Amino acid sequence: MLEIADLSAGYGEVGVLDAVSLDVARDSITALVGSNGAGKTTLMRSVAGLLPETAGAIVFDGADLARAAPHDRVGRGLCLVPEGRLIFPAFSVEENLRIGAITPHARPRLAARIEEMYALFPILKQRRRQAGGTLSGGEQQMLAIARGLMACPRLLLLDEPSLGLAPAVAQSLFETIVRIRGGGVTVFIVEQDIRSTLEIADSAYVLENGRVVMQGTAAELLEDPQVRQAYLGL
């Protein structure tokens, strides 16, 4: 579904990604893991169109995204849930969800889609009239993911969804991500909880200093001695 070939990107004259190549298979959960500062968020922002690439190609469902604006990418079915959640704190939960339905094919199903999000995250229905900024961290992350899903994406990009969450809340979130994939949405996830991510992912890539240094099935990387020592503390 997503093909990244020799992608380089950065901020001004500061290069971050150096010829990164990876694939995200349809109907999969693909993980991108690595240490802080490796370039994971930079890659996600590049795929979403928020950061221009300096070289390489991003192909989504056979279409080259080189000249596609961020809103065009959302319209094609590619949606980023950014690190830090970035919900609208003064808007209610339901208003945040309505804002998420920005694509032409999402608007006709607005009411039904909201009910689907409430079924996926029941606590949001209880909080539907509450301002987003008054929710707990876990509830805000649920709202951020639900808002992304309101656009009816075919590929959901998740950047550090468990960051700052209590372990039990994070575990529940990972279980929800599996259900999202089961509902027909392909998931590409960046995560600092490497063990939990590899346990739910199908395939994975390790990014270090802007380069892919390892790749394979998630199960293979979870058992790899180098990954276990460097990232799992084993």
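Helices (H or I, at least four residues) and strands (E, at least two) are DSSP runs, numbered from the N terminus. In these terms, Glu191 lies in the loop between β8 (186-190) and α8 (194-200). The model is predicted, so local features need pLDDT of at least 70 and side-chain atom pairs count only at pLDDT 80 or more, while totals for chains, interfaces and linings use all residues. Residues are numbered from 1 along each chain as its sequence is written, and side-chain values use heavy atoms, with hydrogens and water left out.

Glu191 is buried (under 20% relative accessible area, with a 1.4 Å probe and protein chains only). Glu191 has no salt bridge (a side-chain nitrogen of Lys or Arg within 4 Å of a carboxyl oxygen of Asp or Glu); the nearest side chain of opposite charge, Arg85, is 9.1 Å away. A polar atom of the Glu191 side chain lies 2.7 Å from the backbone nitrogen of Ser162, and one lies 2.8 Å from the backbone nitrogen of Asp193.

The largest nonpolar core (buried Ala, Val, Leu, Ile, Met, Phe, Trp, Tyr and Cys residues joined through side-chain atoms within 4.5 Å) has 48 residues. Leu97, Ile145 and Leu156 have the most contacts inside this core. Helix α6 (residues 137-149) supplies its largest share, 6 residues. A second, separate core of 28 residues includes Leu7, Leu17, Val47 and Ala68.

The count of disulfides (pairs of cysteine sulfur atoms within 2.5 Å) is 0. Cys79 is in no disulfide, and the nearest cysteine sulfur, that of Cys152, is 10 Å away. Cys79 is buried, with a relative accessible area of 10%, and Cys152 counts as buried at 17% relative accessibility.

Key: Buried means under 20% relative accessible area, exposed over 50%, partly exposed in between (1.4 Å probe, protein chains only). Lys and Arg count as positive and Asp and Glu as negative; His and the chain ends are not counted. A polar contact is a pair of N or O atoms within 3.5 Å; within protein, one must be able to donate a hydrogen and the other to accept it, and residues adjacent in sequence count only if both atoms are side-chain atoms.
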